Amino acid sequence: MSSQTVSTQPFSDQKPGTSGLRKQVPDFQQPHYLENFIQSIFNSLEGYQDKTLVLGGDGRFYNRPAIQTILKMAAANGFGNVLVGQGGILSTPAASCLIRKYDAFGGIILSASHNPGGPEGDFGVKYNVGNGGPAPEKVTNAIFEHSKKISEYKIEDAEDINLDQTGTHKIGDMTVEVIDSVTDYAALMESLFDFDQIRSFLSGNFKMCMDSLHAVTGPYARDILEGKLGAKSGTVQNGEPLEDFGGGHPDPNLVYAHDLVELMFGDSPPDFGAASDGDGDRNMILGSNFFVNPSDSLALIAANASLVPGYRDGLSGVARSMPTSQAVDRVAEKLGLDCYETPTGWKFFGNLLDADKITICGEESFGTGSDHVREKDGLWAILFWLNILAARKQSVEDIVREHWQTYGRNFYSRHDYEGIDSQAANQLMDGVKSQFLQLKGKKLGDYTVKYADDFSYTDPVDGSVSEHQGLRIGFEDGSRMVFRLSGTGTQGATLRLYLESYEPDPAKHDVDTQAALGGLISLADEFAKIRELTGRDEPTVIT
Ligand code: VG1
Ligand code: CO
């Protein structure tokens with residue numbers, strides 16, 4: 001066996017987005033495409049010789065061949081050891097857990113998250129640094145720069161290894177350990193939550209359902225919920241990871257998690273329903289006939305943290321992404337906690353978590369997490385809810401309604417216009433921005449503008465500045481609308497319109513969300529010419 005140097009030419013489109021490089025599978029299958037990107041990652045790192053790399057993915061099509069290639073490249077580039085999940089399976093939070101636990105240099109996670117998979121679906125590669133979290137912008141920018149000038153990559157000339165059994169292998173001088181995908185992650189969960197209390201709660205009349213959408217959380221959810229916590233067998237549905245996720249979108253929202261939604265909004269629904277996404281970092285929480293908005297879920301988790309053993313000593317602070325509703329800000333205010341507002345994407349929470357400025361953080365996009373790892377964590381959020389339910393012994397709906405009574409309700413919705421023409425999307429954003437200068441103090445319909453800006457974030461820990469993170473218009477009554485273009489799509493552009501209003505009066509908390517936001521919705525359309533420019537009458541997905 002020997003190491004080879006292969007000459008190659010750069011691809012111009014390897015710029016990582018909100019969460020790594022995501023492309024359609026055929027793009028990744030172009031000769032040298034994957035290799036170029038992996039070598040560009042290695043070229044942007046220093047000091048990894050003889051160190052450990054964590055490697056795994058969400059099991060989607062192309063996961064296995066990519067893992068074999070990356071192993072050979074890691075060996076040729078001088079890594080000492082790679083920890084791979086059995087069958088190539090590692091959820092994103094489990095990979096983060098392993099990087100931290102085994103003090104690895106970093107990790108490569110293969111996933112396009114909630115995007116569909118299969119031969120014509122999407123694939124993705126993400127690099128995580130030594131704290132277990134997504135590479136910060138200075139690293140992803142360096143990877144992109146290297147990808148534009150790459151001329152060769154290194155790869156070991158070796159046989160594929162057997163990923164299906166745990167065990168140790170050698171590729172050149174490098175050791176490969178195929179490890180159980182679940183064990184370390186499950187142990188971490190057990191250290192944070194009151195498993196005894198949840199177990200006895202689940203043995204009573206409480207009924208629950210977890211939908212893994214044929215994605216990566218199946219084995220984790222079965223082991224933890226049905227195994228360690230004694231939930232009835234069959235609690236986890238669609239629990240077998242499939243290369244094409246059974247043809248669905250592994251996206252835990254009311255549109256794509258349809259089996260679960262039918263169950264929870266059908267006749268005699270269970271008390272609790274949950275779903276996770278392709279790579280296991282997102283979560284959706286449902287009660288009987290009741291949807292918990294992810295922004296509310298974040299606020300509620302923060303407000304109830306003292307019920308959970310791992311968080312009983314108090315929180316150091318909280319954070320949310322800019323478009324996430326301000327429900328958690330109200331909790332922070334009441335508890336006397338600092339609350340940070342970051343750009344979209346988990347990488348921006350890393351420094352705050354490392355510096356212990358925050359303990360819990362989240363995004364409106366069904367992502368919640370804490371300082372236990374450096375990724376958002378779907379099963380963690382589900383276990384957090386189970387722990388709260390076991391401690392409070394109230395229904396999901398009652399808990400949420402009580403929360404609104406205490407803090408007021410932040411009506412919130414996101415409207416996505418997926419796969420629209422990129423030029424039209426840019427035109428729309430430019431159009432919105434061009435109106436900003438004369439907006440302050442002006443009336444738009446019934447609303448008076450308090451501020452209008454292109455969100456820019458200065459990291460309070462390292463001072464780095466991230467600009468152009470979304471166009472936001474805030475009104476005097478606390479309502480907001482935010483316009484952003486997605487950084488995770490693979491076809492055309494996706495416009496995200498985020499809408500929020502605040503209602504302190506409990507008598508008005510029952511209003512339908514879309515109705516409560518109706519004024520803002522039509523205002524946004526008028527102001528940004530959404531229908532005119534996108535050619536769409538309505539959003540593709542409303543959450
Ligand atoms: C989306 C979400 C963002 C999330 C990102 C990655 O990004 O809006 O909140 O962090 O996906 O999540 P964008 O740029 O498309 O809006 V995941 O579960 O896809 O890793
Ligand atoms: Co995800």
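Helix 7 and helix 13 are roughly perpendicular to each other, a term that covers angles of 65 to 115 degrees and therefore fits this pair. Their axes, which are lines fitted to C-alpha atoms over the stretch in contact, come within 9 Å and cross at roughly 70°. Helix 7 spans residues 195-202 and helix 13 residues 378-392; helices here are DSSP runs of H or I with at least four residues, and strands are runs of E with at least two, numbered from the N terminus.

Before I continue, a word on the basis. This is a predicted model, in which local features need pLDDT of at least 70 and side-chain atom pairs count only at pLDDT 80 or more, while totals for chains, interfaces and linings use all residues. Residues are numbered from 1 along each chain as its sequence is written, and chains are lettered from A and ligands numbered from 1 in the order in which they are written.

Which residues make the contact of helix 7 with helix 13? Helix 7 contributes Gln197, Ile198 and Phe201, and helix 13 contributes Leu386, Asn387, Leu389, Ala390 and Ala391; contact requires C-beta atoms, placed from the backbone, within 7 Å. By class, this contact has 6 nonpolar residues, 2 polar and no charged.

A second helix pair follows. Helix 10 (residues 294-303) and helix 14 (residues 396-407) have axes that come within 11 Å and cross at roughly 85°. That crossing makes helix 10 roughly perpendicular to helix 14. Asp296, Ala299, Leu300 and Ala303 of helix 10 meet Ile399, Val400 and His403 of helix 14. The classes in this contact are 5 nonpolar, 1 polar and 1 charged.

I turn to the sheet. Five strands form an open sheet in the order 11-10-12-13-14, with mixed pairing; strands pair if DSSP finds at least two bridges between them. Strand 11 (236-237) and strand 14 (290-292) are at the edges with a single partner strand each, so one side of each has no neighbour in the sheet. Strand 13 (residues 283-287) runs antiparallel to strand 14, and 3 bridges join them. Isoleucine 285 has valine 292, in strand 14, as its bridge partner.

As for annotation, an unreviewed UniProt entry lists residues 14-153, 185-286 and 295-407 under "domain: Alpha-D-phosphohexomutase alpha/beta/alpha". Residues 185-286 are 34% helix and 15% strand, with end C-alpha atoms 24 Å apart. Residues 295-407 are 44% helix and 16% strand, and their end C-alpha atoms lie 13 Å apart.

Finally, the ligand. Around ligand 1 there are 18 residues, of which Thr18, Ser113, Ser486, Gly487 and Thr488 come nearest; a residue counts as near if its C-beta atom, placed from the backbone, lies within 6 Å. This shell holds 1 nonpolar, 12 polar and 5 charged residues.

Definitions and conventions:
Ala, Val, Leu, Ile, Met, Phe, Trp, Tyr, Cys and Pro count as nonpolar, Asp, Glu, Lys and Arg as charged, and the others, Gly among them, as polar. UniProt positions are given in the numbering used here, feature names are shortened, and annotations may be inferred rather than shown by experiment. Axes are lines fitted to C-alpha atoms, for helices over the stretch in contact, and angles run from 0 to 180 degrees between N-to-C directions. Angles under 35 degrees count as roughly parallel, over 145 as roughly antiparallel, 65 to 115 as roughly perpendicular and the rest as oblique. Two residues are in contact if their C-beta atoms, placed from the backbone, lie within 7 Å.
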